[in-house]
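Work through the exercises below with the model open beside you, and attempt each task before reading its solution.

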Amino acid sequence: MKSVIGLEVHVELKTKSKMFCGCPADYFGKKPNTHTCPVCLGLPGALPVPNKTAIQWCVMLGLALNCKIPLTSKFDRKNYFYPDLPKGYQISQYDEPFCLKGSLKLDNGKVIKIRRVHMEEDTGKLIHATVGNEDVSLIDLNRSGVPLVEIVTEPDFDNSKDVKEYLQKLQQIVRYLAISDADMEKGDMRLEPNISISKDGSLPSYKVEVKNINSFRFAEKAIDYEIKRQLEILKNNETPIQETRGWDEKKQKTVSQRTKEEASDYRYFPEPDIPPIRWTQKQLEGFRKQIPELPHFKVQKYENELKIKVSDAIRVSENIEVAQFFEKTVKIGSKHNVSPQSVANFLLNKGVNTSNITPAELIKTIISTSTYATIDNSKIKKAVEKVLRENPKALNDLRVGKTQTLQFLIGKTMAEIKEKIDTKIIIEEINRQTK
Amino acid sequence: MKINVKHVAKLANLPISKEEEKKLESQLSEILDYVEKLNSVITKGVEITSQITGLENVVREDKTESCLTQKEALSNAKNTHDGLYKVKKIL
Amino acid sequence: MNYSAYSIHKLREGLKKKDFPSEDIVKDCLDRIKISKLNAFITICETEAIKKAKEADKKIKDGVDLPLLGIPISAKDIYLTRNIRTTAASRVLNRYIPQYSATVIERLEKAGAIIIGKTNCDAWAHGSSGENSDYGPTENPYLKGYVPGGSSSGSAVSVAANMCLVSMGTDTGGSIRLPASFCNVVGLKPTYGRVSRYGVISMASSLDSIGHFTKNVDDSALVLSITAGKDKNDATTPEIEVDNYKNYLTKDIKEVKIGLPREYFSDGLDKRVKEKIENEVKILEAKGARIEQISLPNTEYGITCYYIVQPAEVSSNLARYDGLRYGNDRAHFGNEAKRRIMLGSYVLSSGYYDAYYKKAMQVRTLIKKDFDEAFKKVDVIIAPVSPTLPWKIGEKTQDPLSMYLSDIYTVNVNLAGIPGLSVPIGLIEGLPVGLQILGPHFSEGKLFQVGKAIERPKI
């Protein structure tokens with residue numbers, strides 16, 4: 001028995017305007033139906049014109065996820081009826097998406113294959129309410145037409161922990177690219193896992209799609225619950241039915257939303273209103289250059305080149321602003337004998353607000369907080385004399401060029417003085433006395 | 001060619017009466033029989049034409065433009081409530 | 001005085017010379033509409049049009065010179081007109097007041113045109129006769145009880161019966177050329193994408209062309225020079241510069257190579273129509289044109305290809321009419337719309353897509369190639385518009401397939417996206433006949449040039 005989980009993740013892009021019209025894409029908390037126009041209301045005669053930036057961001061995300069970018073791509077219409085879908089079809093991509101065949105590596109080394117990354121438009125928002133004595137649904141179309149990228153994985157997951165890590169990594173990449181806030185609570189990032197259980201390792205004949213997951217925590221809980229539920233059904237020698245279920249946080253379980261009696265038939269066909277998109281290699285190269293160094297590269301670099309602890313490297317690169325600040329600070333620090341690790345320590349432990357301080361200022365702060373006590377030269381001289389006298393072997397080693405004993409002697413001297421002083425002064429004194 | 005009118009009507013979200021169902025079944029069959037003619041064309045290896053302009057990469061800069069007012073947006077709706085379109089409860 | 005029997009050119013001269021005011025022209029047209037029994041209009045904008053005419057007269061007095069200043073026009077009722085009801089001739093939209101205007105309407109108004117009303121048509125532009133309107137059929141002005149041709153029926157009639165100088169129509173499979181031919185007026189279907197579709201209710205998006213009816217070729221060229229060109233709101237309009245069409249109107253047709261496709265002159269064509277066209281061809285030859293017999297081998301597959309691609313796109317384009325944001329619910333669709341929605345949904349549905357839609361898109365390529373090949377040999381093609389003369393109202397309404405077959409000579413032009421100009425060539429037993437001149441993409445100028453050589457001054 002093995003869980004088989006595939007993910008569909010939707011990420012809403014934070015472009016200025018919507019996917020196919022000039023309405024502001026920022027709908028959160030806005031008065032209902034005030035960010036609309038003929039295009040996103042689906043008025044008669046209105047036509048879509050795609051947003052260049054949204055398309056580029058979709059391709060950049062694909063590149064960041066190691067996808068192949070086909071040179072030609074097109075939009076298609078996905079036809080279905082729902083009150084939050086004004087046109088009666090969603091402009092999406094069917095057989096020629098912008099990005100194909102990517103991957104994302106988890107910390108345990110497992111590689112999750114990404115089937116495709118494509119561009120589409122968001123639907124409006126339905127609000128269920130009672131007006132008068134009537135149960136109604138109310139429609140706000142401010143969100144209608146907001147650019148949405150869908151990232152579809154292969155059914156490569158077998159547990160909820162990996163799913164959570166994948167989501168966190170995906171969120172981090174999206175934030176690095178600065179193409180979305182990817183906030184699950186706000187609905188910028190939405191997860192729809194497909195869950196089934198294989199008895200013998202082959203792909204099961206059914207799958208259950210779970211909706212209504214709006215946090216990483218819910219994702220874990222919903223998947224764990226669903227696995228347990230399906231296992232119990234299978235134990236009784238029955239097969240779970242193919243359906244869509246929703247996570248109910250109050251009841252702490254998934255509940256059936258709708259059974260797919262027949263496979264949905266979206267009657268896809270090429271969107272006649274939008275000419276296809278064709279890239280040149282040069283354009284794709286340009287997009288690649290716009291992608292910042294991604295977190296997993298940064299972690300490697302910090303660990304290997306800057307010699308900082310891997311746990312710190314992960315934390316420093318959590319978000320791109322901190323990581324970039326860290327790198328600038330390290331660069332300045334190298335001229336002032338401040339080690340990358342001490343920059344990391346300071347950043348991670350002292351609660352530095354990187355927007356209120358410049359890297360140069362931070363270096364100054366680090367240096368000044370590690371100010372040394374000023375003590376009498378004679379006191380240092382005496383201490384060094386004593387240490388050299390008491391450690392003849394070390395003294396000898398130093399003389400024959402075994403420089404590693406220097407650190408030992410410095411430590412001894414520090415212990416003698418019992419105060420924090422600049423090591424440079426001690427080194428100078430040792431050099432003078434051993435000449 | 002026989003066509004499952006009920007199923008297609010459901011896909012197309014069209015309310016269709018029993019009478020219409022019968023009539024459509026025969027009319028659509030007749031039309032479909034006629035278009036069967038296409039089968040005699042050899043199209044192996046022929047590219048598809050879904051658009052005729054030959055245009056590519058027609059896109060818009062990411063700039064915002066003015067919107068309709070809420071009043072304008074709702075001006076033709078039969079049922080509204082508090083600035084929202086109103087429908088019978090779904091799901 | 002019957003001002004509107006004049007051409008735009010003549011009226012503009014008179015207006016500029018202050019021989020008569022725009023108000024008189026507009027009122028003359030409105031009177032004609034009101035007393036007419038042809039049912040060419042769904043909505044008349046009387047008050048607004050008279051107001052606009054007065055404004056135009058004032059502008060003329062102030063020396064403002066715009067190409068259509070003070071000229072009354074009409075538009076098929078599938079052009080969105082801000083604050084003017086737009087029905088698509090369907091009960092679904094019987095009370096729809098658009099929140100915006102089509103790009104073309106804006107361009108025409110900016111050029112000074114005055115909209116006097118919205119014309120009747122086959123509902124959603126579905127039809128070839130003008131009978132499929134929820135607002136009653138339109139009648140042919142030439143012979144009582146005959147169809148004017150569709151779907152832009154009211155538009156053709158409004159120009160033919162002197163109710164306005166220009167009427168905007170749409171041509172998805174012949175809906176401008178056919179009624180132009182049946183009503184003795186000039187009808188232009190421009191190259192796909194030459195004129196913006198934004199704000200015109202979509203029928204089949206990859207085929208819809210935005211054109212117009214006028215009394216003569218000169219006016220047709222003038223109107224196209226206003227409506228044509230890139231629209232940032234329609235991604236299928238190219239940045240190709242708009243020709244100076246006026247330059248073509250004074251050119252002769254010496255050495256112009258005209259192709260006659262044999263498939264369009266076969267047994268299915270009414271002999272009298274054939275004869276008339278052949279006569280015209282002889283005249284053109286006498287004027288110096290070179291006539292060549294050509295072949296468009298895939299012609300016969302056009303109508304089948306069209307009746308897959310078109311309903312497929314229709315089924316999707318009509319999905320937005322759910323009665324939630326505007327209009328009435330989907331039960332209000334008429335029989336023809338239901339038929340096309342069903343047919344289109346079926347050919348796109350899973351398991352049938354490859355056999356129908358994909359196959360049709362491949363055949364479309366072949367049809368387009370036929371024209372590409374032909375235009376390597378000839379400059380333009382001349383062909384009949386309709387295989388028959390206008391028929392009696394009611395004759396084909398019970399037989400959808402026979403109605404579809406009346407588009408047999410027009411749909412291929414839409415599949416290939418090329419332009420076509422329908423020009424009157426006279427009457428047979430009191431009923432008008434036209435022929436169509438076809439050319440490569442963006443060759444409208446050439447079509448006007450040949451059209452001028454065919455048209456006989458009526459006024």
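The exercises that follow concern a predicted model, and each solution proceeds step by step.

**Exercise 1. The fold of chain C**

Determine how many helices and strands chain C has, and decide whether its radius of gyration is close to or far from the value of the globule rule.

Solution. Begin with the secondary structure, where chain C has 14 helices and 11 strands. Next, take the radius of gyration of chain C, which is 21 Å, and set it beside the 23 Å that the globule rule gives for 459 residues; the two values are close, so chain C is as compact as a globular protein of that length. The C-alpha trace of chain C spans about 60 × 60 × 45 Å along its principal axes. For burial, count a residue as buried if 20 or more other C-beta atoms lie within 10 Å of its own; by that criterion, 64% of the 459 residues in chain C are buried. Finally, among the contacts in chain C with a separation of 6 or more, 77% join residues 24 or more positions apart.

**Exercise 2. The side of chain C that touches chain B**

Find which element gives the most residues to the side of chain C that touches chain B.

Solution. First establish the extent of the contact, to which chain C contributes 42 residues and chain B 37 residues. Then list the elements of chain C that supply two or more residues to this side, namely α9 (302-317), α10 (335-348), α11 (354-377) and α12 (400-405). Of the elements, α11(C) gives the most, with 10 residues. Sorting this side of chain C by class yields 23 nonpolar, 11 polar and 8 charged residues.

**Exercise 3. From a hairpin in chain A to a strand pair between chains**

Identify the bridge partner of Leu104(A) in β6(A), and then that of Ile139(A) in β2(B).

Solution. Start within chain A, where strand β5 (residues 99-105) and strand β6 (residues 111-121) pair in the antiparallel sense over 6 bridges. Within this pair, Leu104(A) has Ile112(A) as its bridge partner in β6(A). The two strands form a hairpin with 5 residues between them, and Gly109(A) in the turn has a positive phi of about 95 degrees.

Now turn to the contact between chains, in which 30 residues of chain B meet 40 residues of chain A. On the side of chain B that touches chain A, the largest share, 5 residues, comes from β2(B). Strand β8 (residues 134-140) of chain A pairs with β2(B) in the antiparallel sense over 4 bridges, and the bridge partner of Ile139(A) in β2(B) is Tyr85(B).

Key:
Residues are numbered from 1 along each chain as its sequence is written. Chains are lettered from A and ligands numbered from 1 in the order in which they are written. This is a predicted model: local features need pLDDT of at least 70, side-chain atom pairs count only at pLDDT 80 or more; totals for chains, interfaces and linings use all residues. The radius of gyration is taken over C-alpha atoms; the globule rule is 2.2 Å times the number of residues to the power 0.38. A residue is buried if 20 or more other C-beta atoms lie within 10 Å of its own, exposed if 12 or fewer, and partly exposed in between; C-beta atoms are placed from the backbone. Two residues are in contact if their C-beta atoms, placed from the backbone, lie within 7 Å. Ala, Val, Leu, Ile, Met, Phe, Trp, Tyr, Cys and Pro count as nonpolar, Asp, Glu, Lys and Arg as charged, and the others, Gly among them, as polar. Two strands pair if DSSP finds at least two bridges between them.
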